[in-house]
Amino acid sequence: MTKNTAVLNWLEEMKNLVKPDKVVWIDGSKEQADELRAEACATGEMIALNQEKLPGCYLHRTAVNDVARVEGRTFICTSKKEDAGATNNWCDPKEMYAKLYKLYDGSYQGRTMYVIPYSMGVIGSKFSKIGIELTDSIYVVLNMLIMTRVGTAVLEALGDSPDFVKGLHAKKDIDEENRYIVHFPEDNTIMSVNSGYGGNVLLGKKCFALRIASYLARKEGWLAEHMLILGVEAPNGETRYICAAFPSACGKTNLAMLIPPEIYQKKGYKVWCVGDDIAWLRVGPDGRLWAMNPENGFFGVAPGTNLKSNPNALHTTERDTIFTNVVHNLEDNTVWWEGLNKTPPTNALNWKGEKWDPASGEKGAHPNSRFTAVAKNCPCISKEFDSTTGVPIDAIIFGGRRAKTAPLVYQSYDWNHGVYVGSAMASETTAAASGAVGVVRRDPMAMLPFCGYNMGDYFAHWIEMGKKIPHAPKIFNVNWFRTDDEGNFIWPGFGDNMRVLMWILDRCEEKVGAVQTPIGYMPKPEDINIEGLEDEGITPAVMKDLLSVDKDLWKEDIKGVKEFYAKIGDRMPKELYDELDKFEARLHA
């Protein structure tokens, strides 16, 4: 399928290592994909679901010991340890290659090697990057066909260039003691062994699109970020775009696919999803920051997705979707998960494939069960989804889950202050498993597990980017999760979050004023539209509370920020320590 010598030489080297019985190039055609689906169903790797109710949909189960990303087995291997930084697992590249090559040796014997040429981003766009993943898993091939743009057109775009990201995946024995997800940023290489779970084996996802891409972005002068991209279309047809970063369990996908509340729908407002997870951002010829979603699908968490929380996501999964580790409803050969509805199936198999009784109290779907769905099937997908130039960004939003500290929304004073706000991002734990509720976990820019190099250098790169963007987006922070004294959420969230987005966009156009506070610019309570929220208990007095600043809580929070900065060490940029000092001075003024 290609004459590219860099590709062919690497392929030959990998074939000699893993020793497959045969090699199959993935060409991106429907015929080949259909053949692979049929083969996966014949071997039991996938189960075809009810094709009338869920056309093109399949169920897959991973091994019981292989259900999530494994941060403890994920490595960044750079020649110098300090280039990986204190927040990543590091190993010397020579040592790691030696260890991995032993594991890979002969691992494809009796198996087929599938060669997947794929593009992160629209094929041929200046934003895009090309990868080739080798795998012995049809499940990986079928997921990559959804999540990325795959096939011969990718190889044509690559031409003779040696500039592609090399990825080798082997299921091997699914042995968790020898499971490794390893990145060699200096070699443009990703290696994954002994896993079959999507987050560890779809190498275009976090491995390439964030860990390797963040390293490349710093080198080349752009940003690879764990951010959604959404567009708000006004009644006059003008659409403005926002990027937003949230740690897990903070409503990222729900915001990306937001349905406007009735008061905005009646006026003719619409919200469009460009991406739900990753944004690659570059400075455009107009001096603004432009963003593109490098992915082609959604790899979403199933539990909790329903017609109330995220109707657009649910409708997206109704065709051409691979469900992983959910409940198999044997009554009508469909799927179910906790939070889908209140009527669990009575004749069903749980995520492990065992007979399941909803009355047992045991969960039927794994809490991290997934759907891999085609982005184009989303009812609110943006018409700019396939744009080769991306979309211009007016605002960047950071956010987390804070019960008391952070107000509903505030705006940073300038770019460097915004970088400080992102660097101090945190969420409070919600699970009462160990009794440790409310523990503050720092997750700067929601990138802590995904930054492919030293976090201090990453912050410095953000500071540098601020100097290169003549018309930079304004930076905001939101918190949908403020609670009352009984622990109940005060703000209704979901579609009503658009009310906050409208204030943010008005600030970007300087259509509305703000109050100067120690933490940043804040709305006057009356500047956020709460019409129709009386039934939710949202009154002007409640808004005042949602927008209040408790200096003592912020002073406490600064201690945690200082601890986190100290952990990152001497590569923390001076500019962020300056912002911290200024913040402290404002709090004590």
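In what order do the four strands of the open antiparallel sheet stand? The order is β21-β20-β22-β23. This is a predicted model, and the report below follows its sheets, its cores, its cavities and two loop residues.

**Two open sheets**

In the four-strand sheet the pairing is antiparallel. Strands β21 (334–336) and β23 (355–356) stand at its edges. Each has a single partner strand, so one side of each is left without a neighbour in the sheet. Strand β22 covers residues 348–349 and is joined to β23 by two bridges. Across that pair, A348 stands opposite W356 of β23.

Another open sheet has five strands, in the order β2-β3-β19-β24-β18. Its pairing is mixed. The edge strands here are β2 (47–48) and β18 (297–301), and each pairs on one side only. Strands β3 (residues 58–60) and β19 (residues 322–324) pair in the parallel sense over three bridges. Within that pair, L59 stands opposite F323 of β19.

**Nonpolar cores**

The largest nonpolar core has 158 residues. Those with the most contacts inside it are I396, Y420, W462, W491 and I504. Helix α8 (residues 204–220) gives the most to this core, with nine residues. What does I504 contact, once neighbours within four places in sequence are left aside? Its contacts are A395, I397, V409, F476 and V478. Another core, of 31 residues, lies apart from the largest one. Its members include M14, L100, I132 and Y180.

**Cavities**

A probe the size of a water molecule, rolled over the atoms, shows where empty space is left. A search of the whole structure finds three cavities of 30 Å³ or more. The largest has a volume of about 190 Å³. It is lined by 18 residues, and Y410, V421, A424, N477 and W554 are the closest to its centre. Three elements give two or more residues to the lining: α12 (415–423), β29 (474–478) and α16 (551–568). Helix α12 gives the most, with three residues. By class, the lining holds eleven nonpolar, four polar and three charged residues.

**Two loop residues**

Is G390 buried or exposed? G390 is buried because its relative accessible area is 6%, under the 20% cut-off. K126 counts as exposed, at 78% relative accessibility, because the cut-off for that class is over 50%.

G390 sits in the loop between β24 (370–374) and β25 (391–399). Apart from neighbours within four places in sequence, G390 is in contact with F127, W290, A291 and M292. K126 lies in the loop between β6 (112–120) and β7 (129–135). Not counting residues up to four places away in sequence, K126 touches R282 and T388.

Two C-alpha pairs set separation along the chain beside distance in space.

| Pair | Apart in sequence | C-alpha to C-alpha |
|---|---|---|
| G390 and F494 | 104 residues | 26 Å |
| K126 and T389 | 263 residues | 7.5 Å |

K126 and T389 are thus 263 residues apart in sequence, with their C-alpha atoms 7.5 Å apart in space. For G390 and F494, 104 residues apart along the chain, the C-alpha separation is 26 Å.

Conventions:
Residues numbered from 1 in each chain as written. Predicted model: local features only at pLDDT ≥ 70, side-chain atom pairs only at ≥ 80, totals over all residues. Heavy atoms only, no water. 1 Å grid on protein atoms, 1.4 Å probe; cavity = no way out; pocket = protein on both sides within 12 Å on 5 of 7 lines; lining within 4 Å. Points joined across faces, edges and corners; volume = space filled by probe spheres on them. Nonpolar A, V, L, I, M, F, W, Y, C, P; charged D, E, K, R; others polar. Core = buried A, V, L, I, M, F, W, Y, C linked by side-chain atoms within 4.5 Å. Buried < 20%, exposed > 50% of the residue type's maximum accessible area, 1.4 Å probe, protein only. Contact = heavy atoms within 4.5 Å. Pairing = 2+ DSSP bridges.
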